[in-house]
Amino acid sequence: MTSSRATGDPPLRLVFGSLLRADFLVFLQHRRALIISLVLPVFVLISTSGTKATDKFGGAEFVIGLAIAYGLLSTSLIGYGLTVARDREKGVFQRLRVTPAPTWTIMTSRLAMQAVANLIIAVVVVIIGGQIHHISPSAGQYALVLLVSILAGAVFLSIAQAMVGLVKSADSVQAIARVLFAVLILLGLLGQSGALGTFWSSVARWTPVGAVMTLFAGVLNLHAWYSRDTLALLACLGYIVVFGGIGIRWFQWDAR
Amino acid sequence: MVLAEAVVWAPVTESVQVVRGGQARAYIIAEEHEDGSLLLAPEPVSSARRTVPAEDGRAAAVPEVAGILQVRDLTVTYGPKRAVDAVSFEIRRGEIFGLLGPNGAGKTSTLSAIEGLVKPQFGTILLDDIDSRRHPNQARARMGVQLQATSFQSELKISQIVRLYAGLYGVELSGQQILDGLRVIGLEGEAHKPFKQLSGGQQQRLSLYIAVVHDPALLLLDEPTAGLDPQSRRQLWSRIEHIRQEGGSILLTTHSMEEAQAVCDRVAIIDNGTLLTTETPHDLIEKHKNDPRVREVARGEVTLEDVFIGLTGSEIRD
């Protein structure tokens, strides 16, 4: 034990710093999962490297946008959602909640680390995509990609948060996350390519994956910022508000 | 330094009774300065004097020392079920207080309400004079908690877990301080292992160490010896006693009457969410040893377990 008896609120700096340090250590332990999250985006980039395939998705910017969206979807929906569900089931959150740490610091620290993971994925995909699809984004465009990746990551994180808010069991969260992941991927690939017809193509454009993909394409080709890009931005914000709201409103710290 | 309105009693030893704000409290003299001033620290209740020896040698009553935890009319409901029903009790400073009850009696719900994990429907909880419902984080800063099933992030190593929780309580520890602390509880060699690789006894020791890393005024232990072998159990008891000797107060729940009798200064028995009685183990036995319900279950000399079963019934609870 320490020599002086605890009498007041611990400094927020120390509380938040401790949480961030711990979550960063956990993040490092999960670096393999981050690398695995890059497999699908890289596969998409390679498999669409031909001109014909690239054109089917609306151009190289859209392909890169789609690849980033898949990477963020993988790390946020499955990575974040499952970790939160499992930690809740094991009682990790309950142990943290009996400390004087405000609850918002516990979640914010986790989300901050997830945002770092999203940034890494976005930058790596843009670099690889640029090489494969012969695009050279400017420094400004890279900055915009980072900005959009935070926004896009927030879309998928809010979906994951809603999922763990509505579903308590970690096993159920895992099952639902996989189904949702598969549906969003197929809708993105088949819908955006037009393989399922014009109706599904329109639907796919306004799914979270479609909106995020459009947004990335928009910032990678700033000379052609259309109204659809603005609408995609609004759609992303709408998803964040709706799913984030559900996730916060119904989230329970205890799985019992 | 404590400023006193009046020193009621100051023996030649290190203990004094001080009246502040109309309330008397026991303090020990932590430091004696050259200018004659004294630095006082709260005294554990076990060694605090409850009476004042008057000049003629007779004992004179002094006002009761304020408890470290005061629970009044605590009511916790889960839907239509009333898990805790208007429970009131007080834990004195430096006291080890046991909350006993069969499964589903309301022990963990009471503890969870004190910890702030569940929201009571009614009632007040004052921890060190802080309303824990209005200022939960301030109250949590003064309490150490060992949950029934402790789980830490499985990816973190023991030393990292200690650093994390110390930080959450506002205590900055260096790597050497962490190792020194782990050495005290015999886990120095496990500093780089994950929590799940520790044995049950080691996990309990670490969990208790983390619960007291900030030197809390009140320690809450939910069935701390469940699943431990006798050696680990005895070791834990001595650690609990050591914490009390350092001035800490402890509230523990347990199913072990042997533990309650050996460790607790006072025990409360709770059943169906209602507090049935609060006494010292000795007084509880004395008070109920002739109760027909107790006599019916006693085999030979009446024990705390006989009283417990006599008061709460013999049927198995799930």
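## Two cores, one interface

The largest nonpolar core in this predicted model has 81 residues. A nonpolar core here is a set of buried Ala, Val, Leu, Ile, Met, Phe, Trp, Tyr and Cys residues joined through C-beta atoms within 7 Å. Buried means that 20 or more other C-beta atoms lie within 10 Å of the residue's own; exposed means 12 or fewer, and partly exposed falls in between, with C-beta atoms placed from the backbone. The residues with the most contacts inside this core are B:Tyr165, B:Val213, B:Leu218, B:Leu220, B:Ile250 and B:Leu251. Helix H3 (residues 158-168) of chain B gives the largest share, 7 residues. Apart from this core lies another, of 57 residues. Among its members are A:Tyr70, A:Ile78, A:Ile121 and A:Ala232. In soluble globular proteins, nonpolar side chains tend to be buried together.

Some ground rules follow. Residues are numbered from 1 along each chain as its sequence is written, and chains are lettered from A and ligands numbered from 1 in the order in which they are written. The model is predicted, and local features need pLDDT of at least 70, side-chain atom pairs count only at pLDDT 80 or more, while totals for chains, interfaces and linings use all residues.

Start from B:Ile250. Leaving out residues up to four places away in sequence, B:Ile250 touches B:Ile96, B:Phe97, B:Leu219, B:Leu221, B:Ile240, B:Ile243 and B:Arg244. Contact means that the C-beta atoms of two residues, placed from the backbone, lie within 7 Å. Three of these names lead to a helix: B:Ile240, B:Ile243 and B:Arg244 are among the buried residues of H6(B).

Helix H6 of chain B covers residues 230-245. Helices (H or I, at least four residues) and strands (E, at least two) are DSSP runs, numbered from the N terminus. H6(B) has 16 residues and reaches 22 Å from its first C-alpha to its last, close to the 22 Å expected at 1.5 Å a residue. That expected span is 1.5 Å times one less than the number of residues. B:Arg233 and B:Leu236 are also buried in H6(B). Seen down the helix axis, the buried residues fall within an arc of 100°, so they line one face of H6(B). The arc is that of the directions from the helix axis to the C-beta atoms. They pack against strand S9 (96-100), helix H5 (200-211), strand S13 (218-222), strand S14 (249-254) and helix H7 (257-263) of chain B. On the other side of H6(B), B:Gln231, B:Ser238, B:His242 and B:Gln245 are exposed. B:Gly247 follows the helix, with a positive phi near 105°.

Two aspartates of chain B also have positive phi. B:Asp128 sits in the loop between strand S10 (122-127) and strand S11 (130-131) of chain B. Its phi is near 55°. B:Asp128 counts as buried, with 24 C-beta neighbours inside 10 Å. B:Asp215 is in the loop between H5 and S13 of chain B. Its phi, too, is near 55°. B:Asp215 is buried, with 21 other C-beta atoms within 10 Å. Most residues other than glycine have a negative phi.

Now chain A. Helix H11 (residues 208-220) of chain A has 13 residues, and its end C-alpha atoms are 18 Å apart, in agreement with the 18 Å it should span. In H11(A), 13 of the 13 residues are buried, so this helix is largely enclosed by the rest of the structure. A:His30 offers another setting, in the loop between H1 and helix H2 (31-37) of chain A. With 18 C-beta neighbours inside 10 Å, A:His30 counts as partly exposed.

The two chains meet through 30 residues from chain A and 32 residues from chain B. On the side of chain A, helix H1 (12-29), helix H5 (60-90) and helix H6 (92-97) each supply at least two residues. H1(A) gives the largest share, 8 residues. The chain A side divides into 14 nonpolar, 10 polar and 6 charged residues. Here Ala, Val, Leu, Ile, Met, Phe, Trp, Tyr, Cys and Pro count as nonpolar, Asp, Glu, Lys and Arg as charged, and the others, Gly among them, as polar. For the complex, the predictor gives an ipTM of 0.86 and a pTM of 0.81.

Confidence varies along chain B. Its mean pLDDT is 82, and 78% of its residues reach 70 or more; pLDDT is the predictor's confidence in each residue, from 0 to 100. H3(B) is highest, at a mean of 96, and strand S5 (residues 51-53) of chain B lowest, at 37. Residues 1-14 of chain B stay under 50. Where pLDDT is low, the predicted coordinates should not be read in detail.
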